[in-house]
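This report describes a structural model of a protein assembly. Please examine the sequence and the coordinates shown here before reading on.

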Amino acid sequence: MNDMLRLVEPVIPALRRYARALVRDRAAADDLVQDCLERAISHWNQLREGDPRPWLFTILHNLAVNQFRRSSRRGRHIAIDEANEDDFGQDAVQEQKLMYQDVLDKLARLPEDQRAVLLLVAVEDLSYADTARVLDIPIGTVMSRLSRARERLQQEIDGTADGAPKNVVQLRSMK
Amino acid sequence: MSSRPITEDDLHGYVDGVLEPERVADVAAYLEDHPDMNRRVAAFSDQRDLLRRALAPIAEEAVPSQLDLAGMIRSRQRRASPVWWAIAAMLLLSIGGLGGWVMRGSLQTSPAGLAALAQEAADSYHVYAPDRVRPVEMRASDSAQLVQWMSNRLKQQVKLPDLTGSGYRLMGGRLIATSHGPAAMFMYDDDHGDRLVVLTRPMASEQSAPMAPHSGGDVAGFAWADGGMGYSLMGQAAADTLKPIANEVRRQARSI
């Protein structure tokens with residue numbers, strides 16, 4: 001039990017960050033993390049060697065994906081531009097806040113599979129191999145999704161993405 | 001500079017800072033000669049920095065009490081406290097007593113041989129595989145001790161099947177009481193958390209028998225006997241998934 005506390009507790013802030021970046025809603029994201037921790041506790045004997053981070057991200061990612069599927073079936077709208085101002089540091093200057101919010105909005109327009117790869121690699125510092133394990137895909141697919149995610153996000157940032165980007169339609173169609 | 005061509009993966013590795021130092025130098029030299037690529041890679045790096053900075057405040061927030069891990073662990077331990085274990089044990093005993101009375105007529109026709117072994121494996125699966133707290137008595141980390149203990153109790157050299165080649169890792173094992181004496185149960189799981197059990201014990205009848213499919217409730221698998229020892233592998237996976245694993249267990253057991 002002490003092991004669990006020592007190994008898992010330091011990862012909680014990163015799990016919250018990943019969940020929030022995926023679902024864009026603070027309460028929903030923390031609910032996902034709570035589910036993830038409950039599962040980690042009850043499946044603790046499945047964790048084998050060393051670093052628990054890939055294992056925890058795997059649990060969290062699968063919970064998030066299931067929720068996406070459920071909510072798209074139930075017909076709930078997935079917020080893509082509801083960035084909450086409280087989500088950002090109080091002392092951050094307004095301009096910076098807007099810039100951050102803007103890039104997160106653009107990130108939200110990426111297809112979910114590309115977004116997940118970009119977040120795990122670029123923000124959560126998982127290795128390409130661990131990212132492949134978390135998403136249960138070959139490492140070659142990680143690399144191609146990473147490449148597409150970066151190109152796509154850059155188009156969004158440069159404002160060269162085609163007028164009504166396909167994936168916005170895709171996300172909206174989840175209604 | 002090495003002669004290996006720079007790949008798209010190298011460029012991403014460069015952005016993510018995961019390349020070997022020599023490769024970093026190769027990529028840097030390449031970028032110097034290719035201003036277009038250089039701009040693209042620089043844009044990707046900026047993107048990465050921006051994302052990290054935009055998301056950093058979330059990780060710096062105080063963790064809400066909803067996510068108090070120590071509290072979550074404590075409340076789970078309370079749920080699994082000795083009192084509950086005692087109540088569960090009493091329930092099991094009384095169900096067992098009642099069941100024994102109700103089932104007294106059918107005992108005479110209880111299965112023997114491989115069918116009995118397969119039934120014991122299926123029963124063990126039903127009882128222990130759903131257990132999230134203590135599915136095994138001894139964990140894989142004590143596997144040497146586990147094998148020693150099983151071998152002593154079964155009075156036979158027990159061999160621990162290694163199923164990593166089939167994607168299943170040993171979780172550990174426990175001793176099972178059967179009407180034919182003690183049996184050794186080993187439990188495995190795969191990356192999805194799907195579990196399977198392998199049960200083995202000495203056989204009084206059917207000292208040697210070919211592998212045959214068996215099922216019990218919602219679990220299915222195979223049973224066979226070799227040189228006086230019976231084996232049964234049970235799980236919820238499809239038969240064509242379990243068959244090669246059963247073959248592998250048999251192959252390893254024969255190579256003692």
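The text that follows treats confidence, the contact between the chains, the nonpolar cores, the strands of chain B and some features of the backbone.

**Confidence**

The model is predicted. Its scores are ipTM 0.81 and pTM 0.55. Chain B has a mean pLDDT of 85, with 86% of its residues at 70 or more. Over residues 104-110 of chain B, pLDDT stays under 50, and for these residues the model has one contact beyond four places in sequence.

**Contact between the chains**

Chain A contributes 41 residues to the contact and chain B contributes 33 residues. On the side of chain A that touches chain B, the elements giving two or more residues are α1 (2-8), α2, α3, α5 (94-108), α6 and α8 (139-158) of chain A. The residues on that side comprise 23 nonpolar, nine polar and nine charged.

**Nonpolar cores**

The largest nonpolar core has 48 residues. Among the residues with the most contacts inside this core are A:Leu15, A:Cys36, A:Leu56 and A:Val117. At least two residues each are supplied by α2, α3, α4 (53-74), α5, α6, α7 and α8 of chain A, together with α3 (35-60) of chain B. The element that gives the most is α6(A), with eight residues. A second, separate core has 42 residues, including B:Tyr128, B:Leu163, B:Ala184 and B:Met234. As a general background, nonpolar side chains in soluble globular proteins tend to be buried together.

With neighbours within four places in sequence left aside, A:Leu56 contacts A:Val8, A:Val11, A:Leu15, A:Cys36 and A:Ala40. Two of these partners, A:Leu15 and A:Cys36, are themselves listed with A:Leu56 among the residues that have the most contacts inside the largest core.

A:Val117 belongs to helix α6 of chain A. Is A:Val117 buried or exposed? A:Val117 is buried, because 27 other C-beta atoms lie within 10 Å and the cut-off for burial is 20 or more. Not counting residues up to four places away in sequence, A:Val117 touches A:Thr131, A:Leu135, A:Val142, A:Arg145, A:Leu146 and A:Ala149. One of these partners, A:Arg145, is 28 residues from A:Val117 along the chain, yet their C-alpha atoms are separated by 6.7 Å.

In chain B, B:Leu242 lies in helix α8 (residues 239-254). B:Leu242 is buried, since it has 21 other C-beta atoms within 10 Å. Its contacts, leaving aside neighbours within four places in sequence, are B:Gly221, B:Phe222, B:Leu233, B:Gly235 and B:Ala237. B:Phe222 is 20 residues from B:Leu242 along the chain, and the two C-alpha atoms are separated by 7.9 Å.

**Chain B: composition and strands**

Chain B contains eight helices and seven strands. Of its 256 residues, 29% are buried. Among contacts in chain B with a separation of 6 or more, 55% join residues 24 or more positions apart.

Strand β2 (residues 169-178) of chain B pairs with two other strands. Strand β1 (residues 138-139) runs antiparallel to β2(B) and is joined to it by two bridges, with B:Met138 standing opposite B:Gly173. Strand β3 (residues 181-189) is also antiparallel to β2(B), over nine bridges. B:Arg169 has B:Asp189 in β3(B) as its bridge partner. Two residues lie between β2(B) and β3(B), which form a hairpin.

**Backbone features**

Most residues other than glycine have a negative phi. The table lists residues of this model whose phi is positive.

| Residue | Phi | Place |
|---|---|---|
| A:Arg24 | about 60° | loop between α2 (12-23) and α3 (26-42) of chain A |
| A:Asp125 | about 60° | loop between α6 (112-123) and α7 (128-135) of chain A |
| B:Lys155 | near 55° | follows α7(B) |

How do the two loop residues of chain A stand with respect to burial? A:Arg24 counts as buried because it has 21 C-beta neighbours inside 10 Å, whereas A:Asp125, with 14 such neighbours, counts as partly exposed.

The helix that precedes B:Lys155 is α7(B). Helix α7 (residues 143-154) of chain B has 12 residues and spans 16 Å from its first C-alpha to its last, close to the 16 Å expected at 1.5 Å a residue.

Notes: Residues are numbered from 1 along each chain as its sequence is written. Chains are lettered from A and ligands numbered from 1 in the order in which they are written. This is a predicted model: local features need pLDDT of at least 70, side-chain atom pairs count only at pLDDT 80 or more; totals for chains, interfaces and linings use all residues. Helices (H or I, at least four residues) and strands (E, at least two) are DSSP runs, numbered from the N terminus. A residue is buried if 20 or more other C-beta atoms lie within 10 Å of its own, exposed if 12 or fewer, and partly exposed in between; C-beta atoms are placed from the backbone. The expected span of a helix is 1.5 Å times one less than its number of residues. Two residues are in contact if their C-beta atoms, placed from the backbone, lie within 7 Å. Ala, Val, Leu, Ile, Met, Phe, Trp, Tyr, Cys and Pro count as nonpolar, Asp, Glu, Lys and Arg as charged, and the others, Gly among them, as polar. Two strands pair if DSSP finds at least two bridges between them. pLDDT is the predictor's confidence in each residue, from 0 to 100. A nonpolar core is a set of buried Ala, Val, Leu, Ile, Met, Phe, Trp, Tyr and Cys residues joined through C-beta atoms within 7 Å.
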